Amino acid sequence: MGKVSLMIDGRKVTVEEGMTILEAAKSIGIEIPHLCYMEGLPPTGACRLCVVEVEGAKTLVPSCSYPVSEGMVVWTNTERVRKARRLVIELLISDHPLDCMTCEKSGSCLLEKYAYELGVSKSRFDGERHSYPIDDTNPFFERDYSKCVLCGRCVTVCQEVQYQGVIDFIYRGFRTKIGAEFDKPLGETDCVSCGNCVLVCPVGALIEKGRKRMGREWELEKIETTCPYCGCGCSLTIHVKDNRIVKVTSRSEGTVNQGWLCVKGKFAFEFTHHPDRLTKPLIKENGRFREASWNEALSLVAKKLGELKEKYGPDSIAGLSSAKCTNEENYLFQKFMRAVVGTNNVDHCARLCHASTVAGLARAFGSGAMTNSIDEIADAECILVTGSNTTENHPIIALRIKEAVMKNGAKLIVADPRKIELVSFATLWLRQRPGTDVALFNGMMNVIISEELHNEEFIEARTEGFELFRDFIKDYTPEAVERITGVPAERIIEAARIYAKARRSSIIYSMGITQHTTGTDNVLALANLAMLTGNVGRESTGVNPLRGQNNVQGACDLGALPNVFPGYQRVDDPEVRAKFERAWGVDLPSEPGLTVVEMMHAVEEGKIKAMYIMGENPALSDPNLNRTRKALQKLDFLVVQDIFLTETAEYADVVLPAASAFEKDGTFTNTERRIQRVRKAIDPPGEAMEDWRIICELAREMGYEMDYDSPAEIMAEIALLTPIYGGIFYDRLEKGGLQWPCTDRTHPGTKFLHKDKFSRGLGKFHITPFRPADELPDDEYPLLLTTGRVLYHWHTRTMTSRVKGLNEIYPEGVVQISSEDAEELGIKDGQLVRVRSRRGEVTARASVTDVVSKGVVFMTFHFRESAANLLTNDALDPIAKIPELKVCAVKIEPEMRDG
Ligand code: SF4
């Protein structure tokens with residue numbers, strides 16, 4: 001695109017061709033008033049406030065939609081322009097309650113600002129006024145139609161960013177308003193409460209309920225941080241008054257999320273002020289907790305761990321680090337386990353979500369992380385989404401997928417046993433039977449090779465193992481694969497053609513792929529598919545695992561894994577170990593330690609005597625919970641460090657109160673390998689302390705000096721020892737963070753991996769034969785249970801159960817069951833049912849739906865009252881040791897006590 005030069009208010013400006021006058025003016029610091037226009041949204045030209053004079057034009061022109069041209073002369077603030085703007089403001093306030101003294105928006109309301117700047121305090125156009133009741137049916141925000149200026153920003157966001165299409169302009173003439181179909185209250189619509197309409201409203205028409213009377217806009221301190229929920233890593237602006245979070249917004253520039261949020265990021269901060277927060281250390285005596293001082297609690301923990309280590313050896317102790325905690329805290333935790341306790345028995349919940357990604361992608365490419373960036377998704381020509389209910393689990397990434405389809409014409413292939421929301425955006429939906437993913441991808445690759453759609457040049461230059469692979473894949477004809485997966489052969493062929501023919505094909509996957517006994521093979525098969533077509537090492541392509549929790553990527557990167565130090569440096573490599581021994585000043589163990597589920601099994605066998613669990617909740621998140629809970633009970637000593645008394649903490653001997661993500665400094669690494677700052681917005685309650693401080697205190701108590709002034713100092717040590725984080729320093733993270741590998745201070749970070757060379761040299765094709773799941777339905781347990789998350793809850797609800805609005809929207813766990821199965825079993829929608837597996841049983845409410853197919857049922861794992869993990873199977877993938885959380889056999893019957 002070329003450049004054009006024009007004059008604005010007497011100043012020469014040269015900008016890109018195609019820019020609007022408003023954008024060109026902004027580029028030289030001239031602000032033109034506007035209400036309907038908003039950066040990032042398509043202009044509507046509705047409010048007429050942004051009019052300017054263009055020499056030669058007969059009328060004033062709307063600057064938000066009028067393109068610049070060579071030699072154009074623009075005046076943005078003449079008397080003619082100001083008069084037109086005053087008229088607009090007068091017309092608006094003629095039908096606007098001028099209650100600025102009590103309006104929550106006062107101080108950041110654009111109508112108030114422009115009225116002030118133009119000197120308009122009353123209107124000449126008094127006439128009929130609207131008087132609407134306030135719609136307060138959404139749990140998080142309310143809509144006051146009387147204050148609406150019909151700018152349409154909220155409509156544009158709902159329709160063209162969120163693609164939810166819940167609201168629009170309704171009625172005509174004077175009755176025109178913004179509302180849902182049939183003018184339904186918001187609470188009765190499909191609104192997903194993302195709150196992005198609230199974020200863009202320029203006036204007080206959309207207001208967060210929780211911010212009412214909490215402080216005037218100008219009294220709020222603003223702190224930039226990163227969302228404590230999913231792996232998208234959205235930037236949050238926390239608005240604080242008197243040590244309380246009043247509301248959350250987000251800035252659009254330099255952020256992963258471009259200013260948009262989901263319901264959790266926008267509204268789910270209330271937990272941090274909840275009265276259930278732990279505020280003092282607790283010690284259990286005679287089966288009951290009592291409050292204790294930090295001194296007493298820490299010396300008891302140090303004494304107990306010391307004694308057990310002395311008596312049974314360091315490997316009798318195990319630790320679970322936390323994907324919720326910061327990078328610095330994960331670094332210190334694994335350092336504590338290795339250098340202070342002397343064991344590699346350290347792991348965290350990545351074992352339960354993406355251990356197979358780490359293992360599979362490291363084997364195929366040499367690096368176990370998302371190959372590309374979130375930003376690139378919108379430019380992919382084909383996107384294969386598999387095993388990821390993206391709109392619910394990674395809502396902001398889902399927006400980029402929708403954008404690719406709706407704005408850029410990308411073809412979306414969804415391969416998922418459930419009819420997830422993205423299916424309605426898909427060109428093709430492949431509904432494979434749960435646990436048959438390997439066969440499905442093998443089938444697609446069979447077609448690609450037999451139709452010669454593979455990329456020979458890429459395979460020849462960049463990979464190894466293709467000849468063997470080509471022989472192996474011959475058996476996976478579409479017809480043979482149809483018999484295994486249930487996906488019609490012609491759909492497999494079509495999917496293969498779409499994926500292979502696109503110039504930029506991107507694979508996006510999540511736990512539907514990884515949580516299987518064949519999890520590593522599933523990942524390897526996807527890596528094969530990308531290499532076969534040369535769809536890796538370029539922009540908008542790649543194999544992109546979406547990591548679940550806010551910092552699960554970072555917890556892996558920083559060595560909270562039993563076989564590697566920070567930066568995936570192997571503990572059994574003598575050179576690597578010697579480096580860490582020198583840095584930490586102690587001898588370190590060389591044998592890889594135990595994984596999450598293996599730890600619990602080792603407790604059963606009496607090999608593990610004590611555990612230190614930081615910010616994890618295995619009593620709800622592990623598979624086969626009855627077994628895990630017995631193991632926790634059997635421990636000689638358990639210390640849990642958390643922000644609430646979790647289901648796991650109830651088993652503890654000592655509980656240490658920690659600070660939440662809003663109460664500390666540090667960094668998180670999001671799913672695209674981006675290291676971003678976490679900043680303290682408020683003080684922790686009572687005596688609660690940041691996890692990094694607690695670890696340091698405990699280490700000191702056990703005779704090992706851990707002395708850091710701040711997380712920045714810890715990061716400097718990380719950079720020294722971890723090549724992929726070698727260039728990560730706090731002063732470099734101020735603007736949007738950096739993506740690893742970032743090897744030194746001058747390295748700009750890495751947008752996509754494996755550009756000219758895979759991290760392991762050549763990419764490796766692996767042989768991935770189909771293996772069925774460990775436990776399949778039979779006569780006794782005839783249904784297949786699969787599990788997952790929902791938008792409104794997170795992890796084991798430790799935090800989200802303390803957010804009133806989320807509980808109002810999604811109060812309890814449900815069992816999704818097909819109408820055919822429901823009819824056969826005599827189950828009605830909403831009825832209580834009992835679900836049994838060989839390992840346990842739960843009661844939950846049935847949801848009869850076509851989201852699942854006959855023979856398949858689905859449950860979320862968030863709820864303690866209907867804990868799906870009492871049912872799930874703890875059989876492990878032999879390589880990654882991830883349990884088979886996605887497939888097990890169950891039976892269902894109506895619950896007799898349900899009236
Ligand atoms: Fe937070 Fe994820 Fe929602 Fe972004 S998409 S606001 S990171 S929960």
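In the predicted model, S5 of strand β1 has T14 as its bridge partner in β2. Strands β1 (residues 3–8) and β2 (residues 11–16) run antiparallel and are joined by 6 bridges; two strands are taken to pair if DSSP finds at least two bridges between them. The strands form a hairpin with 2 residues between them, and D9 in the turn has a positive phi of about 50 degrees. Helices (H or I, at least four residues) and strands (E, at least two) are DSSP runs, numbered from the N terminus. Residues are numbered from 1 along each chain as its sequence is written. Because the model is predicted, local features need pLDDT of at least 70 and side-chain atom pairs count only at pLDDT 80 or more, whereas totals for chains, interfaces and linings use all residues; side-chain values use heavy atoms, with hydrogens and water left out.

A second antiparallel pair is formed by β11 (residues 235–241) and β12, over 5 bridges. Here V240 is matched by I245 as its bridge partner in β12. This hairpin likewise has 2 residues between the strands, and D242 takes a positive phi near 50 degrees. Strand β12 (residues 244–249) is mostly covered, with 5 of its 6 residues buried, where buried means under 20% relative accessible area, exposed over 50% and partly exposed in between (1.4 Å probe, protein chains only).

The ligand is surrounded by C227, Y229, C230, C232, G233, C234, L261, C262, G265, P395 and I396, a residue being counted if one of its heavy atoms lies within 4 Å. This shell divides into 9 nonpolar and 2 polar residues, with no charged residue. In this division, Ala, Val, Leu, Ile, Met, Phe, Trp, Tyr, Cys and Pro count as nonpolar, Asp, Glu, Lys and Arg as charged, and the others, Gly among them, as polar.

The structure holds 0 disulfides, a disulfide being a pair of cysteine sulfur atoms within 2.5 Å. The sulfur of C201 is 6.3 Å from the closest cysteine sulfur, that of C151, which is too far for a bond; C201 is buried, at a relative accessible area of 8%. For C696, the closest cysteine sulfur belongs to C325 and is 13 Å away, again too far for a bond. C696 is also buried, with 3% relative accessibility.

In helix α15 (residues 466–473), the buried residues are F466, F469, F472 and I473. Seen down the helix axis, these buried residues fall within an arc of 120 degrees and therefore line one face of α15; the arc is that of the directions from the helix axis to the C-beta atoms. The face turned away from the buried side carries the exposed residues E467 and L468. Elements covering the buried residues of α15 include α13 (437–450), α14 (456–462), β20 (463–464) and α19 (519–532), with contact defined as heavy atoms within 4.5 Å.

Most residues other than glycine have a negative phi, and most peptide bonds are trans. The peptide bond from W740 to P741 is cis, with omega near -5 degrees, and P741 is found in the loop between β30 (738–739) and β31 (763–764). H754 is also placed in the loop between β30 and β31; its phi is positive, near 60 degrees, and H754 is buried at 4% relative accessibility. R797, in the loop between β32 (783–788) and α27 (804–809), has a positive phi of about 65 degrees although it is not a glycine. At 9% relative accessibility, R797 likewise counts as buried.
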